[in-house]
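Reader: I am new to this structure and would like to go through it with you. May I put some short questions?
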Number of protein chains: 2
Amino acid sequence: MNTQDKEKAVVAGMAPLTAQVIASFAATSDARLRCLLGALVRHLHEFVRAVELSDEEWRRAIEFLTAAGRCSQGGRQELVLLSDVLGLSTLLVRQNHAVPLGATEATVMGPFYLPDVTRFSLGDDIANGAPGTPCTVSGMVRDVAGSPLANATVEVWQADGTGHYDVQLNEGQRNRGVLQADEAGAFNFRTVVAEPYPVPTDGPVGDLLRSTGRSAWRPGHLHVRISAVGYETLTTHVFRHGDPYLESDAVFGVRNSLIAAWQPQSDGTYALHFDFVLSGQRNG
Amino acid sequence: MNTQDKEKAVVAGMAPLTAQVIASFAATSDARLRCLLGALVRHLHEFVRAVELSDEEWRRAIEFLTAAGRCSQGGRQELVLLSDVLGLSTLLVRQNHAVPLGATEATVMGPFYLPDVTRFSLGDDIANGAPGTPCTVSGMVRDVAGSPLANATVEVWQADGTGHYDVQLNEGQRNRGVLQADEAGAFNFRTVVAEPYPVPTDGPVGDLLRSTGRSAWRPGHLHVRISAVGYETLTTHVFRHGDPYLESDAVFGVRNSLIAAWQPQSDGTYALHFDFVLSGQRNG
């Protein structure tokens with residue numbers, strides 16, 4: 001069966017109204033858009049039928065989405081947060097950024113990434129005065145065969161010792177920067193230990209978490225984005241071993257393979273070492 | 001199986017991430033809310049997997065919903081309009097307001113209903129100067145056994161001869177009012193003929209209709225809401241026979257049983273007669 005026949009076959013077994021709505025999109029010239037809207041209508045109608053959604057529940061859902069859209073301004077994006085707490089963001093990562101065995105697993109990018117930030121030299125302190133317990137971070141970037149990826153680009157960002165990102169405060173850029181690994185694929189920098197923090201709870205998603213008894217907290221983590229020519233860009237976190245929120249991450253981002261120990265040092269600081277393995281590009 | 005066992009059985013056959021997200025709502029004290037969120041997560045995850053949604057498609061969906069929420073202010077409700085053009089509003093009507101054979105079918109209420117409007121006497125002109133072709137509307141309100149519903153409350157509202165509702169203009173209340181049927185269940189009033197109009201197309205839903213080649217037009221119709229003690233309140237339209245948009249109503253509200261002829265009169269005006277049959281209350 002070609003795509004059009006498949007679409008017709010799916011429609012054939014369907015409630016008349018659902019089939020009518022899907023048919024209303026038949027003139028869509030973009031075949032992918034037509035497929036997406038057809039599937040969206042089918043799944044939404046199935047949901048409404050499965051739960052026998054009431055008029056009042058529908059009204060509250062409309063109000064929820066309206067409030068979420070209206071409070072999304074500037075750095076705040078409540079619909080991304082909704083996608084996060086419903087596990088959709090993590091589902092997309094696992095579906096679209098699956099890696100071969102041996103490569104470092106990806107996780108969600110989160111809302112705090114910034115492109116084009118300050119470039120640091122290896123060994124620099126990226127904290128820029130941010131409060132927190134000092135630590136050093138070091139690691140290697142390799143491919144799945146174990147070969148070092150010389151000069152890989154390593155972008156890092158994280159919360160400070162109070163659980164805040166620089167973009168949530170007014171202190172300029174802190175705990176954020178881009179480094180270049182050396183010829184052996186090695187990198188290192190100084191920063192502070194990333195502490196746990198709650199996702200924003202002053203909007204409709206916060207209401208949802210409260211009314212369902214869910215935790216808003218994310219375990220402490222370092223965000224890392226690594227790119228090298230010829231390899232899939234890796235967007236991931238390193239999570240802190242022993243963090244109390246590893247089992248209940250509000251956005252379902254934790255993977256066992258991404259948990260590492262920040263090792264206490266004799267001078268009261270910490271040291272993290274984590275190696276990253278990139279997979280080859282899928283198309284080329 | 002009780003409800004909790006059923007929920008567990010559904011979760012058992014599920015992808016681990018989806019099961020994990022559903023389990024995160026386990027502490028929800030409101031059992032109905034827990035059921036709704038579990039089903040929502042399951043259907044949304046199924047949709048994302050079925051279409052293999054890309055990161056870019058997800059980003060555009062977030063942008064679409066954000067724009068829809070942000071342009072919903074005052075009389076404008078873009079998320080209701082989205083629900084309308086995806087057939088969800090009509091699905092809810094058919095699911096939650098099904099009527100027994102012989103009773104008048106319901107259809108969507110639309111965004112232009114107002115409670116507590118001017119009360120008219122039978123025979124009055126509700127147009128209040130609105131442009132359009134004059135017409136008279138008359139009808140009977142009965143129950144399914146054929147007995148007249150004396151003193152039933154009949155609320156009516158409609159577009160004018162230019163396809164606009166009063167709330168979209170600044171001319172005060174027009175083409176809108178509440179009447180009381182007489183002892184025999186009969187009512188009548190004067191107004192203008194309701195003309196077809198497009199749903200608002202200057203927001204994200206308009207973009208959706210354009211990019212899918214769909215018509216934004218609704219066929220001309222008279223909105224009616226009839227209530228009587230002991231009966232289900234009926235919210236419906238009467239559609240104009242011969243209207244060019246009956247087959248392509250942007251919100252899927254048309255039902256064959258609701259199409260009627262506005263009869264031309266010798267003086268150039270029109271006359272509509274339509275009888276409404278209410279069903280008994282479901283609970284009591």
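Author: The turns below take up the two chains, a pair of helices and a sheet.

Author: Please keep in mind that this is a predicted model.

Reader: How can chain B be laid on chain A?

Author: A turn of 180° with a shift of 0.0 Å along the axis lays chain B on chain A, and the RMSD is 0.0 Å. That is the relation of a two-fold axis.

Reader: And through which surface do the copies meet?

Author: Of the interface residues of chain B, 100% are also interface residues in chain A, so the copies meet through the same surface.

Reader: Now the helices. At what angle do α4 and α7 of chain A pack?

Author: Helix α4 (residues 55-70) and helix α7 (residues 204-211) of chain A pack at about 130°, and their axes are 9 Å apart. That angle makes α4(A) oblique to α7(A).

Reader: Which residues meet there?

Author: From α4(A), Phe64(A), Ala67(A) and Ala68(A) meet Pro204(A), Val205(A) and Leu208(A) of α7(A). The residues of this contact comprise 6 nonpolar, no polar and no charged.

Reader: On to the sheet: what is the order of its strands?

Author: In chain A, the order is β3-β2-β7-β8-β9, an open sheet of 5 strands with mixed pairing. Strands β3 (176-180) and β9 (259-260) of chain A stand at the edges with a single partner strand each, so one side of each has no neighbour in the sheet.

Reader: In which sense does β2 pair with β3?

Author: Strand β2 (residues 153-158) of chain A pairs with β3(A) in the antiparallel sense, over 5 bridges. Glu155(A) stands opposite Val178(A) in β3(A).

Conventions
Residues numbered from 1 in each chain as written. Chains lettered and ligands numbered in written order. Predicted model: local features only at pLDDT ≥ 70, side-chain atom pairs only at ≥ 80, totals over all residues. Heavy atoms only, no water. Least-squares fit on C-alpha atoms with pLDDT ≥ 70 in both. Contact = heavy atoms within 4.5 Å. Axes fitted to C-alpha atoms, helices over the stretch in contact; angles between N-to-C directions. Helix = DSSP H or I, 4+ residues; strand = E, 2+ residues; numbered from the N terminus. Parallel < 35°, antiparallel > 145°, perpendicular 65-115°, else oblique. Nonpolar A, V, L, I, M, F, W, Y, C, P; charged D, E, K, R; others polar. Pairing = 2+ DSSP bridges.
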